[in-house]
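Colleague: I would like to know what stands behind the terms used for this model. Please take them one by one.

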Amino acid sequence: MTDEKPGKKVADQYDRGYDYTSYWDHRDYEHAAEEAALRTLLEGRHFARAADIGGGFGRLCLLLREYADHVTLAEPSQTQLDAAVKVLANTDVAQVRMQADDLQFADGELDLVTMVRVMHHIPEPTTEFAEIARVLAPGGTAIIEVANYGHFKNRRAHRKAGTSLPTEPVSIRTAPADEPDAIAFVNHNIDTVVGQLSAAGLSLHDKLSVSNLRSQKLKKVLPHGAMVAVEKRLQRRLAKNDFGPSIFLELRKA
C-alpha cells in the first residue's frame, strides 16, 4: 500500500529547484527505448490533434509531431515549460500550462493523448483517466506509460517469499518527504491500472514492456546501439508477462 497522503495532487514539484532536464543526462538508452515503444504503437497511423500530458520539457513532442498535425505539450510545471521553449524552438508545438486532472481541452477535442513518466506521481489516477477519456474523440487513442511494480525482479522476490503482488500502488520513496505536499513516487499493479482505465471508458488495445535492459552494468559493457536493438526485439515479447519496469499501454475510446 502507498504511504502517500491523500488530498489535492501536487503537480508543480519541478518548479521547486529541481532540474529535470539534467535527469536525462546519461539516460540515452531509456529515452530511445521509450521512443521505440511509441513508434511501434503509432506505426502507420496519423492523427489530427495530439497532446502529451505531463510531457516535461517536450522530450517526446517532436516524435509525436511526426504522427499528428497539431501537438500540444500540456505540462503543469512552468520551469519545464520554460525549458521547452529551447527544445521546441522553430516548431509549431503548442505549450500550455495544465495538469492531468484538469485538462483544458474541450470534450472530444483530441485524437491522441500520451502520458509518459507521469503515473509514478499519481497513486490514485481515476480523475486523470476520466479527463483523458473526456478529451478524447470516439475511437481516439491514449498511450499511457505505467511504472510497473510487478516487474521481473519483484515477481521473483514475491514468489520466493510466498506472497502475492499488491494490487494497490506501492510507494518507492527512499527517503522521507521533505515537504508536507511532496509529490508521490509509486509503482503500480498493471492489472489494477487496466481495470481503472476500463472503468473510465478506455479499453486496452496493445501493450509493450519497456526499458527491459535498464541496468548500469549493461550500459558499461554493451554499446548503446546494441542495447536499443535488443530492446526493440524484446518489447512485445516480454509484454505478456509485464517483465520490465515500465509498461506502455495503448488504449482506445469506444
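Modeller: Strands E1 (residues 47-53) and E2 (residues 68-75) are a good start: six bridges join them in the parallel sense. Bear in mind that this is a predicted model.

Colleague: What makes E1 and E2 a pair?

Modeller: Pairing takes at least two bridges, and E1 and E2 have six, so they count as paired. One of the contributing residues is Ala51, whose bridge partner in E2 is Thr72.

Colleague: Which sheet do these strands belong to, and what is its order?

Modeller: The sheet is open and has seven strands in the order E3-E2-E1-E4-E5-E9-E8, with mixed pairing.

Colleague: Why are E3 and E8 called edge strands?

Modeller: E3 and E8 each pair on one side only. On average, neighbouring strands in this sheet are turned by 20° against each other, direction ignored.

Colleague: Which helices lie on the sheet?

Modeller: Helix H5 (residues 126-135) packs on it and touches E4, E5, E8 and E9, with its direction at about 150° to that of E5. Helix H7 (residues 190-199) lies across E5, E8 and E9 and runs at about 20° to E9.

Colleague: Why is Glu250 called buried?

Modeller: Buried means under 20% relative accessible area. Glu250, in strand E9, has 2%, so the term applies. Among the residues that Glu250 touches are Leu41, Arg45, Thr141, His205 and Asp206.

Colleague: And Met98, buried or exposed?

Modeller: Met98 is buried, at 6% relative accessibility. This residue sits in the loop between strands E3 and E4. Beyond its sequence neighbours within four places, Met98 is in contact with Ala74, Glu75, Pro76, Leu103, Gln104 and Phe105.

Colleague: How do you know that Lys219 and Glu30 form a salt bridge?

Modeller: The cut-off is 4 Å from a side-chain nitrogen of Lys or Arg to a carboxyl oxygen of Asp or Glu. For Lys219 and Glu30 the N to O distance is 2.8 Å, so the pair qualifies. Lys219 belongs to helix H8 and Glu30 to helix H2, so the bridge ties together parts 189 residues apart in sequence. Glu30 counts as buried at 4% relative accessibility.

Colleague: What makes Arg155 and Asp242 a salt bridge?

Modeller: Their closest N and O atoms are 4.0 Å apart, and the rule accepts pairs within 4 Å. Arg155 is in helix H6, while Asp242 is in the loop between helix H9 and strand E9, 87 residues apart. Asp242 is buried at 5%. Arg155 has 30%, which falls between the 20% and 50% limits, so Arg155 is called partly exposed.

Colleague: Where does the salt bridge of Arg236 and Asp206 lie?

Modeller: Arg236 is in helix H9 and Asp206 in strand E8, 30 residues apart; the N to O distance is 2.3 Å. Arg236 is partly exposed at 43%.

Colleague: How many salt bridges does the rule give?

Modeller: The count is 13. Some join into a network that links Glu34, Arg59 and Arg117.

Colleague: What span is expected for H9, and what does the model give?

Modeller: H9 has 14 residues, with 20 Å expected at 1.5 Å a residue, and its first and last C-alpha atoms are 21 Å apart, which is close. Met227, Val228, Glu231 and Gln235 are buried in H9, and its buried residues pack against H2, E8 and H8.

Technical notes: Residues are numbered from 1 along each chain as its sequence is written. This is a predicted model: local features need pLDDT of at least 70, side-chain atom pairs count only at pLDDT 80 or more; totals for chains, interfaces and linings use all residues. Side-chain values use heavy atoms; hydrogens and water are left out. Helices (H or I, at least four residues) and strands (E, at least two) are DSSP runs, numbered from the N terminus. Buried means under 20% relative accessible area, exposed over 50%, partly exposed in between (1.4 Å probe, protein chains only). Contact means heavy atoms within 4.5 Å. The expected span of a helix is 1.5 Å times one less than its number of residues. Axes are lines fitted to C-alpha atoms, for helices over the stretch in contact, and angles run from 0 to 180 degrees between N-to-C directions.
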